[in-house]
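Biologist: I would like to learn how to read a structure of this kind, step by step. Could we look at it together and take one feature at a time?

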Amino acid sequence: MKATLGRLWAIAGMTLLEASRRKVFTILLLFGLALISSILFFPSVEVDARLRLIEVWALRASAIFTAIVGLFLAGFSLPQDFETKRIYLIVTKPISKPLVFLGRYLGYALLLAVFILTMGAVTTVFLRTVRLFSGSKFPPLVAYPRIRAGDFSAPGGTKLEEQQAERAVGFGPENALVWKFTGLRRSSFDDQARLQIRLIFGAVADPYRASGTVDVRIVNPSGGIHRTQLSMNTNEEQEISFPAGLIGGDGVLQVELRAVDSDGFIAASEGWLILYEKSMLFELAFARGLALILLQSMIVLSITLMSSTFLSAPLSILLGILLYLVGSIHGYVREGSRDIDRSLAEIRLSPHAEKEHTPEGLPPLLLRFSTETSKLVLAAVPDFANFDFSVWLLKDHAVSWSEIAGAGAKAFLPIAVMVVLGTLLMLFKDFDR
Amino acid sequence: MDAVIQTEGLTKVYKDFWGRPKHKGLDRLSISIQRGEVFGLIGPNGSGKTTTFKLLLGLIFPTEGKATILGKPPTDVSAKAKVGFLPEESYLYRWLNADETLDFFGRLFNLDRETRRKRADELIHRFGLAHARHRQLREYSKGMTRRVGFCQALINDPEVVILDEPTSGLDPISSRQIKDLILELKRRGKTVLLSSHLLADVQDVCDTIAILHQGQTKVHGPVRDILVKRDSVSLTFKDLSDQTRKKMEEIAIAEGARLVHAENTLETLEDVFLRTVQESGDGLTYRKPPADEAPTK
């Protein structure tokens with residue numbers, strides 16, 4: 001086992017060394033230049049919006065540069081080894097062919113990690129420098145860890161099936177949506193703690209109701225209470241503050257929401273109410289977010305390297321790009337596919353089903369084929385929105401460890417499938433050229 | 001006998017994209033190479049030499065038959081640990097220098113750092129690469145790259161050495177050094193399998209040869225048995241006067257022998273070249289192995 005790991009590390013180390021000799025790291029200079037060039041846009045952007053400009057700029061540049069490096073290096077490495085017959089010298093040594101694939105994958109994954117970490121360090125240093133020279137109007141560099149409730153219930157309410165929200169309650173003193181937080185630590189909050197709420201409003205007699213007022217009560221087991229009312233729209237995210245002193249030694253806090261409008265109801269899901277801790281170190285939060293970009297890059301890397309065991313370099317790179325694009329528009333395709341399903345269901349229920357055409361004028365059979373194919377592709381390709389760090393960064397949210405673990409779980413299956421496939425393809429590869 | 005490399009009916013049929021047979025690269029090769037033997041595979045281009053090597057090294061899978069190295073299948077990692085391979089061209093990483101290259105290959109053999117460093121040092125000096133050891137291989141000449149190829153093939157002190165065209169691209173001095181090295185390996189009990197287009201080289205170093213043509217074994221046996229002409233004798237004398245030579249010819253003819261050819265012994269061009277270079281004193285040197293190191297062949 002130790003010997004195998006030593007050989008694996010030898011291939012990975014050589015991959016890194018070769019990349020550095022090929023001056024791949026000069027791309028980091030280009031990244032630095034790209035970041036500095038964002039200064040050119042400063043005059044046209046308000047001081048308080050510059051932080052977002054740099055963040056978006058840096059994240060997009062990191063993602064693109066990392067993707068390019070990953071795609072091209074992985075796409076060319078094995079085909080070049082085969083083409084130049086360097087592979088002869090490696091697989092004739094006491095190393096199995098699959099290990100060569102794994103070593104290459106490990107080497108490139110490490111290379112991407114070095115890239116992403118360096119880009120992250122450059123970005124945070126740049127942000128701190130810009131902030132230093134921008135004066136007080138420049139927003140603070142913050143990242144708030146979020147806490148979700150351990151328990152969500154709806155006394156007097158109903159459980160919703162196949163709806164956007166999980167539970168709904170109507171007007172009444174006994175009816176409430178209740179989130180219960182446990183294990184809270186007072187020291188994790190500033191004097192004023194923040195809470196974010198999102199709700200759906202409705203009314204039985206008014207199908208167009210999309211706003212309302214809600215009564216918010218934050219209570220602790222010792223009877224301490226903070227009460228306020230909020231007027232808000234459906235799916236709008238609103239924040240309220242309350243004294244963190246409410247969090248006692250037991251670390252338990254309950255948030256109760258009641259409909260104020262007598263004819264209305266409110267609905268929500270467990271994750272729609274979030275408690276913010278005080279900001280953690282921005283650089284640390286940024287590093288956590290970069291882990292998401294690394295996971296995304298490792299997915300693209302795995303398919304590119306796997307396909308390069310039997311396809312030419314350009315075709316492997318093309319496949320990697322295709323995966324990247326499909327993964328990036330996953331959400332849109334999923335939504336579109338749902339709409340088509342709805343159209344098809346309506347047509348099926350129509351009395352003239354056999355003569356019906358979809359609103360686009362396409363025959364239902366073609367549309368069914370298209371939507372089923374899309375679903376198959378979507379099942380095979382992970383949704384890259386899970387790895388889009390900008391979703392967190394632009395809201396000043398810190399990526400939690402559980403979110404990283406969740407993203408890791410989503411990335412694991414496609415990576416594992418590609419790596420297993422790649423090792424099998426290598427195992428049975430005949431170097432007959 | 002202790003067979004180190006053995007093949008039985010080894011056959012390789014190359015197929016096209018659709019899996020249809022394209023051509024037979026090797027046809028029922030059956031050979032047995034003993035420990036300490038130097039075995040030469042010769043034949044024209046496309047005769048199956050490289051296919052044989054690829055099969056023996058597990059680079060391709062046989063269509064029929066089987067091959068073993070040290071009693072194990074060619075893909076067996078423990079067998080590969082005792083094999084050194086020099087391909088026809090030195091397919092090395094151009095961005096690495098000689099030290100890094102040897103260190104990398106040493107790590108694939110799982111050699112510890114100290115052994116890697118020691119062996120690399122010895123080989124680099126032996127192959128005259130010390131002055132260029134820190135230069136990237138892309139700056140090397142073809143001959144120098146070839147020598148690095150040799151170093152990597154020997155980094156694990158292998159029991160079996162497989163050399164595809166070992167003297168290709170080398171100048172006569174290096175070529176001679178390689179032949180001496182092969183004989184030295186033999187003396188140390190190593191088994192060497194080589195292929196070459198330079199028949200004189202094969203004749204110089206091999207104990208046994210097989211001549212392949214269109215994938216088939218046409219001739220197979222000890223070099224001496226294959227080359228010897230039983231009905232013809234050549235004698236080499238030193239300081240033989242013309243008069244004595246004439247007398248010897250007359251005696252032989254009187255005894256019924258037929259004189260086919262008589263001339264003064266010629267030196268090989270290689271010997272003349274090596275001596276000339278040696279005498280010119282321009283730094284290029286070739287050291288002939290001392291008598292006690294002389295090959296046993």
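Modeller: Let us begin with the domains, keeping in mind that this is a predicted model. Chain A is divided into domain 1, made of 2-139 + 281-332 + 382-427, and domain 2, which covers 146-276. Taken over C-alpha atoms, the centres of domain 1 of chain A and domain 2 of chain A are separated by 39 Å.

Biologist: How many helices and strands does chain A have, and what does its C-alpha trace span along its principal axes?

Modeller: There are 11 helices and 13 strands in chain A, and its C-alpha trace spans about 80 × 70 × 50 Å along the principal axes. Of the 433 residues of this chain, 35% count as buried. Among the contacts in chain A with a separation of 6 or more, 79% are accounted for by residues 24 or more positions apart.

Biologist: How should I read a single strand, for instance S11 of chain A, and why is it largely enclosed by the rest of the structure?

Modeller: A residue is called buried when 20 or more other C-beta atoms lie within 10 Å of its own. In strand S11 (residues 253-259) of chain A, 5 of the 7 residues are buried, and therefore the strand is largely enclosed by the rest of the structure. Next, look at its pairing: strand S5 (residues 177-181) of chain A pairs with S11(A) in the antiparallel sense over 5 bridges, with Phe181(A) standing opposite Leu253(A). Strand S8 (residues 211-219) of chain A also pairs with S11(A) in the antiparallel sense, over 6 bridges, and there Asp215(A) has Arg258(A) as its bridge partner.

Biologist: And how do I read two helices that cross, such as H5 and H6 of chain A?

Modeller: One looks at the axes and then at the residues in contact. The axes of helix H5 (residues 97-134) and helix H6 (residues 282-307) of chain A come within 9 Å and cross at roughly 150°, and the crossing is right-handed. The contact includes Tyr105(A), Leu112(A) and Ile116(A) of H5(A), together with Phe286(A), Leu290(A) and Leu294(A) of H6(A). By class, this contact of H5(A) with H6(A) has 16 nonpolar, 4 polar and 2 charged residues.

Biologist: Turning to chain B, what is the order of the strands in its open sheet of 6 strands, and which strands stand at the edges?

Modeller: The order in this open sheet of chain B is S6-S7-S8-S4-S9-S10, with mixed pairing. Strand S6 (83-86) and strand S10 (216-222) of chain B each have a single partner strand, so one side of each is left without a neighbour in the sheet. From one strand to the next, the twist averages 15°. Within the sheet, strand S4 (residues 38-42) and strand S9 (residues 208-213) of chain B run parallel and are joined by 4 bridges, and Leu41(B) has Ala210(B) as its bridge partner in S9(B).

Biologist: Which strands of chain B does helix H5 of chain B lie across?

Modeller: Helix H5 (residues 142-154) of chain B lies across S6 and S7 of chain B, running at about 165° to S6(B).

Biologist: Finally, how many residues of chain B are in contact with chain A?

Modeller: In chain B, 24 residues are in contact with 24 residues of chain A. Helix H2 (77-80), S6 and helix H3 (98-108) of chain B are the elements that give two or more residues to the side touching chain A, and the largest share, 5 residues, comes from H3(B). That side of chain B divides into 18 nonpolar, 2 polar and 4 charged residues.

How values were computed: Residues numbered from 1 in each chain as written. Chains lettered and ligands numbered in written order. Predicted model: local features only at pLDDT ≥ 70, side-chain atom pairs only at ≥ 80, totals over all residues. Pairing = 2+ DSSP bridges. Axes fitted to C-alpha atoms, helices over the stretch in contact; angles between N-to-C directions. Contact = placed C-beta atoms within 7 Å. Nonpolar A, V, L, I, M, F, W, Y, C, P; charged D, E, K, R; others polar. Buried ≥ 20, exposed ≤ 12 C-beta atoms within 10 Å, placed from the backbone. Domains from an automatic or database assignment. Left-handed = near helix turned anticlockwise from the far one by under 90°.
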